[in-house]
Amino acid sequence: MSRIGKNPVTITKGVNVTLDSHNVITVKGPKGELKQAIDRDIKVEVKEDRIEFVRPTDQIRHKAMHGLYRSLVNNMVKGVSEGYTKTLELVGVGYKASSQGNLLDLSLGYSHNIIVEIPKELTITTAQEKGKNPKITLTSVDKQLLGQVAAKIRSLRKPEPYKGKGVKFEGEILRRKAGKSAGK
């Protein structure tokens, strides 16, 4: 049995979970609402304080989906109750970030500024303290969307291995390389 799939998802206080006839699970909480379609083979049992997932057979496909849907629903429950946050750091001389509404304006050492439109489901804040690298903070209830947008922003200027310049996640450890060795 799947180690992840057999664990029930605990429903926290203030979170309402409903399952409709088309196997679409809806999770409502204090921070928002999320929906996820569940494969028709996986049976979902919503009880008063937990959600359980049951697979019909031990086929590879059913085993894979068992743990997947349990994790997705667990992320949804945590997202609508607590929310998720990702912080990106801009390392490099002259790198800047500013936000107005859902537009992010980045200056990353190119000849032009890069303007990124952030989905309305995310909230974005930028901070630039003297003597520290500029930071971009993304918050959302949807973990998948948050990770996808953060990865897209990081891909605009990936950190290079020699000086570490670029956009990186806060706390990310980069493998550094030695530069050219001097002389003969």
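Which residue forms a salt bridge with Lys-135? Let's find out in the first of these close-up views, keeping in mind that the whole model is predicted.

**View 1. A salt bridge joins Glu-170 and Lys-135.** The partner of Lys-135 is Glu-170, and the closest N and O atoms of the pair are 2.6 Å apart. This bridge links distant parts of the chain, since the two residues are 35 positions apart. Lys-135 sits in strand β12, while Glu-170 belongs to the segment after β13 (166-169). How accessible are the two partners? Glu-170 is partly exposed, with a relative accessible area of 42%, and Lys-135 is partly exposed too, at 28%.

**View 2. Lys-47 takes part in a network of salt bridges.** Start with Lys-47 and Glu-52, which form a salt bridge with their closest N and O atoms 3.2 Å apart. Lys-47 counts as partly exposed, at 32% relative accessibility. Now widen the view: Glu-45, Lys-47, Arg-50 and Glu-52 are linked together in a network. In the structure as a whole there are 10 salt bridges.

**View 3. Lys-132 and Glu-129 form another salt bridge.** Here the closest N and O atoms are 3.7 Å apart. Is Lys-132 buried or exposed? Lys-132 is exposed, because its relative accessible area is 56% and the exposed class begins over 50%. Glu-129, at 49%, is partly exposed.

**View 4. Strands β1, β6 and β5 make an open sheet.** The three strands lie in the order β1-β6-β5, and their pairing is antiparallel. At the edges you will find β1 (9-10) and β5 (43-46), each of which pairs on one side only. Look next at β5 and β6 (residues 50-54), which pair over four bridges. Within this pair, Lys-43 stands opposite Val-54 of β6.

**View 5. The largest nonpolar core brings together 21 residues.** Those with the most contacts inside this core are Leu-90, Leu-104, Leu-106, Ile-118, Ile-136, Leu-138 and Ile-153. At least two residues of the core come from each of β7 (84-91), β9 (103-107), β10 (114-117), β12 (135-140) and α2 (143-155). Which element gives the largest share? That is α2, with five residues. Another core lies apart from this one; it has 20 residues, including Ile-25, Val-27, Tyr-69 and Met-76. As background, nonpolar side chains in soluble globular proteins tend to be buried together.

**View 6. Ile-136 touches many residues from elsewhere in the chain.** Leave aside its neighbours within four places in sequence, and Ile-136 is still in contact with a long list of residues, among them Leu-88, Leu-90, Ala-97, Leu-104, Leu-106, Ile-124 and Ile-153. Lys-86 and Thr-87 are also contacts of Ile-136, as are Thr-125 and Thr-126.

**View 7. Strand β10 has alternating side chains.** Ile-114 and Val-116 point to one face and are buried. Ile-115 and Glu-117 point to the other face and are not buried. This fits a general pattern: in a regular strand the side chains alternate between the two faces of the sheet. The partner to look for is β9, which pairs with β10 in the antiparallel sense over four bridges. Leu-104 stands opposite Val-116 in β10. In the hairpin of these two strands, with six residues between them, Gly-109 takes a positive phi near 90 degrees.

**View 8. Two charged side chains sit over rings.** The charged end of Lys-86 sits over the ring of Phe-169, 5.2 Å from its centre. Arg-157 lies over the face of Tyr-110, at 4.5 Å from the ring centre. How many aromatic pairs does a search of the whole structure find? The search finds zero.

**View 9. Lys-143 meets residues from other parts of the chain.** Lys-143 is found in helix α2 and counts as partly exposed, at 42% relative accessibility. Its C-alpha atom is 8.2 Å from that of Gly-83, although the two residues are 60 residues apart along the chain. Beyond its neighbours within four places in sequence, Lys-143 is in contact with Asn-75 and Tyr-84.

**View 10. Asn-23 has a positive phi.** The value is about 60 degrees, although Asn-23 is not a glycine. Look for Asn-23 in the loop between β2 (16-19) and β3 (24-28). Asn-23 counts as buried because its relative accessibility is 16%, and buried means under 20%.

Technical notes:
Residues numbered from 1 in each chain as written. Predicted model: local features only at pLDDT ≥ 70, side-chain atom pairs only at ≥ 80, totals over all residues. Heavy atoms only, no water. Core = buried A, V, L, I, M, F, W, Y, C linked by side-chain atoms within 4.5 Å. Buried < 20%, exposed > 50% of the residue type's maximum accessible area, 1.4 Å probe, protein only. Contact = heavy atoms within 4.5 Å. Phe/Tyr/Trp six-rings, centres within 6.5 Å; stacked < 30°, edge-to-face > 60°. Lys NZ or Arg CZ within 6 Å of the ring centre and 35° of its normal. Salt bridge = Lys/Arg side-chain N within 4 Å of Asp/Glu carboxyl O. Pairing = 2+ DSSP bridges.
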